Amino acid sequence: MTWTAAARVVDLVKTYGAGNAQVRALDGVTVDFVRGEFTAVMGPSGSGKSTLMHCCAALDTADSGTVQLGETRLTGLSDDELTRLRRDEIGFVFQSFNLVPTLTAKENILLPLSIAGRRREPGWFETVVETVDLGDRLGHKPKELSGGQQQRIAVARALVSRPAIVFADEPTGNLDSRSGAEVLGLLRRSADDHGQTIVMVTHDPVAAAYTDRVVFLADGQVVDELRQPDREQVLEVMTAMTAAQLAAGTD
Amino acid sequence: MLRAALKSLLGRKLRLVMSTFAIVLGVGFVSGSLIFGDTLNRSFTALFASTVGDVVVRPAGAGDSMAPSTVTIPASLQPNLAAVEGAARADGNITAVGVYVIGENGQPVGGNGPPALGGNYSDAPAGHGLEGLELVDGRMPERTGEVAIDDLTAEKAGYEVGDTVPLVTTTAVPEMEVELVGILGFSHGGSLNGATFTAFDTRTAQELFLDGEDAFHDYWVTAEDGVTQEELRERVAEVLPDDLEAVTGDEAADEAATELLEQLSFITTFLLIFAVIALVVGSFLIVNTFSILVAQRSRELALLRALGASRRQVKRMVLVEAFVLGLVGAALGLGLGVLLFIGIRFAFAQFGLDLSTTPMVFSPTTVLAAVAIGVGVTMFAAWLPARRTGRIPPVAALRDDVALPETTLRRRFGIGSLAVVAGGAAIGLALFGDPPKAGYVLGIGALAVLLGVAAASPVLGRPVVAGAATLFRRLHGTVGRLAGQNLQRNPRRTAATASALMIGLALCTTMAIVGSSAKASVDEAVAENFVGDYVVSNVFGVGFSPTIAERAGKIDGVASVSRIRFQYTEADGEGTVVQGVDPATLTDTLDIRLESGELASLDHGRRVLVSAGTAEERGLTVGDEVSIDVPAGEGDFTVSGVYADNPLLDEAYLMGLTTFTEAGWPEVDNFVFVGLAGGADRAAVKEGLDALVEKQAMLSVKDQEGLAEEARGPIDTMLTLIYGLLALALVIAVLGIVNTLALSVIERTREIGLLRAIGLSRRQMRRMIRLESMVISFLGALLGVVLGLVFGWVLLTDLADEGLQVISVPVGQLVGFLAVSLLVGVLAAVFPARRAARLDVLEAISTE
């Protein structure tokens, strides 16, 4: 909202495991995410896209390099400070298990606000609910909702606290194409109508086609970028990347 | 956030019921004992208030002990008292202990516990105009051969006005038959709490209890309207000679009530100890439950962390749940406490203490205690698991398989060992040092050791679990291996579950060892020291008429008869026992050895012998003076000898019988030892003795073996009672096992689904759970038995100087405990195993 740039990553490195089993998930990643844009991060499995998102979203800490959200540097922040960031400035949509099973849809949507102890903005909640089009299901528990409906509730939750940036990790991964299209359309509308910055990790070219920009990762590094992509362009890049990988593998 | 906490609590109702159970039980015990204590208090306070006059005139110093006395006040004092200004009337009272009404079934009513009283009939009102015991049916006794009895006793014995009633007394007339002419009662409710009262006319009472003297034990002076007790007391005191004193009714009632309640306080203490045990065992259950719940909800909690909930918020959620749980448990526990009170009251009524007419006292303190304990214990137990929620990484919300990071077991082992060492030191201090409140120090030390072993148990249990795993693999193949691995996967949880059982069994084992040793010691003590042939006594040492000994001496074949009498009193300010013995005949039947001085010195003068133990404790030697409270007033006695500790004679002071009687104690025997002449006909003598005590229903004639057997009786009763109470703690522990297993099944749903999908049969699944359960209970039992052996040995060392000379370990019983634990394991697994076997495979695999 009052940030100069949405998110900036400089030379990020993250490794897992030790010795022989060590994996270099991020190998010096530098990328910017622009405010108000709907960006996708893509790559084959093992490319580090999820790890990148975790580090940007204050869920995990990198080994070296910097992450900056707006004017705040994430490196060196205490757990309490990271927690506050997640509470007030970041929104999440996960692939599965987004909702607390014992709360109703409405309570799930308002959860971040109740954690922060903040009152909801009058009118905004109604707008969000209208945007996700689930006004008649607010009293239901998650197990009474379909997968697509659950994801839409999750999106509503991500939006309701008006975070500076929303991170979505394969939000349509478990959905059929119709529900998926609904959720993606929803994200698109938030970016267009409300200027919400969204960063989405995905492996689906159809999903990528909804975004303003796609960043491609492979082996822990940024290898390519597309603006205003359509499905075919994305597929092309992905195929090329896969072929390169195969070739490297058979050497 | 609060709402989220409450909602998640309600969403898992079934799982929380079990842990609430432990709290309910513990709080139930506490509130039950508190209610009982309060009711007991009020009951006796009320009782004593209605059995004293406005002013009581009695021999000086008599109020210091409740012991009966033979010191009297002449009847000639009565007109002087009645003439005092402000006195409405003055009545003399005679009260004697040991007048038993023999019921229709031939058994005496009461007498074991509450006293069997006899006295004169008096219609004087009680203090403050309270209704005392008064005639409710028939008329007052007017001549010898007539009596009035209190209503409850008459009812229990089965008599009505006009019936002939057999009585047994401790006087020179040990048996008599009288006509029941009246029934006494408290017309406005109230009762004697199980004591019995038989009223004679004054003249007959004087003949029976005061050797015919025209005197009384004490006087009641009733105040006129408008005169306070204190005012009257002052005026009465003025007309009294020096050897008498006047006290207000309030003061006398207070004295009597305080002393009695002090003696009965052991009941409340007893119950509270078991409450503590139940709560300690229960805490394990709660810690476990909350640990599992936290582990189960890690994904949910991780999600909340990801959404920005701070560590503290998440931790607070768990604690709020614990708070609500504690509150619910406390409320239910109070209800259980009321039920328990009713049960305890009923149980005591069987032993003669009758509280049925006192309404239950339910004070705000009880409610406060229940809530404080319920909430306190639950939150305390949930604190550790709650803390662990802080360590859930938020990124765990995105992963499939959440494993809570665990601190090393080494730290736990270290803390546990420290606790054991500290506890051991405390126990050592309590045993060999002489700290104040040694009992509490011992108890706390034992608790520390128990908790320390529980903390260290994951490490201690490892060899057992590993051994079991190997055994299972050999016996049951793959299923066995899986079971073994499951146990080793989470040593904390295995050990925590077993620990609850461990505590229960440690206590049971200790009791078994102490009980067995006590009985063995009794046998040995009797065998070593009883050199006579027969003894006439009552198992509780209740006194009986001295004519029994006289008549016994006249039986053909009896060479020697020796009486022993005893009373509780204070010597040099400390409670003790004084025993009256006949120096001429004592050694005929008892093997008593003198370390210094002579037994014969007791035949006259104010002399006492002191036991070696007492002499050492109080630094006494021959020639020293001891101040002993006797009914004739406090007096100095000279130590004229020290006798070697003898279990049959207690650590006490010995007086000659003459001195004993001169001191003012009644001529009532407690034991009569009989020695036969050489060549006497044993059977005939036994027959003669039996005939003597036939009408004295509480007495029996025993030889050495019979004496030992009778002495073992109360030990067995005590053990049964303790086992009964421990059983409740064991129930909690077993429930803990069931709980843990059930929750771990739920936790492993996906894994179980997978196993079933690839071919594990239902039967094999059940067996897997069952094997796990058996190991857990066996581990708990093994640790418990070992700890119990250690505690038992420690306790016996402490009690060795109180008569427990022999250490006897009931190996059979202990092996039995271990065997039963395996059975318990099988039973505990029934419900969780069925649940695991019945899981729908597809549903299980796709569970979140």
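1. Let's start with the contacts in chain B of this predicted model. Among contacts with a separation of 6 or more, 82% join residues that are 24 or more positions apart. If you follow the chain by eye, keep in mind that most of these contacts link such separated positions.

2. The secondary structure is easy to remember: chain B has 24 helices and 24 strands. Its C-alpha atoms fit a box of roughly 100 × 70 × 50 Å along the principal axes.

3. How much of chain B is buried? Of its 848 residues, 53% count as buried. As for the surface, chain B exposes about 36,300 Å², and carbon and sulfur atoms account for 58% of that area.

4. The charges deserve a look too. Chain B carries 62 positive and 94 negative charges, and the mean positions of the two sets lie 29 Å apart.

5. For a closer view, find the nonpolar surface patch of about 440 Å². Its members are Phe323(B), Leu327(B), Met360(B), Phe362(B), Val367(B) and Val371(B). Two elements of chain B, α9 (311-350) and α10 (364-389), each give two or more residues to this patch.

6. Leu327(B) is a good residue to pick out, and you will find it in helix α9 of chain B. Why does Leu327(B) count as partly exposed? Its relative accessible area is 37%, and the partly exposed class runs between the buried limit of under 20% and the exposed limit of over 50%, so Leu327(B) falls in between. That value also meets the requirement of over 30% relative accessible area for patch residues.

How values were computed:
Residues numbered from 1 in each chain as written. Chains lettered and ligands numbered in written order. Predicted model: local features only at pLDDT ≥ 70, side-chain atom pairs only at ≥ 80, totals over all residues. Heavy atoms only, no water. Helix = DSSP H or I, 4+ residues; strand = E, 2+ residues; numbered from the N terminus. Buried < 20%, exposed > 50% of the residue type's maximum accessible area, 1.4 Å probe, protein only. Contact = heavy atoms within 4.5 Å. Areas by Shrake-Rupley, 256 points an atom, 1.4 Å probe, with all protein chains shown as cover. Lys, Arg positive; Asp, Glu negative; His and termini not counted. Charge placed at Lys NZ, Arg CZ, Asp CG, Glu CD. Patch = residues over 30% accessible without salt bridge, like charges linked within 9 Å, V, L, I, M, F, W, Y side chains within 5 Å. Salt bridge = Lys/Arg side-chain N within 4 Å of Asp/Glu carboxyl O.
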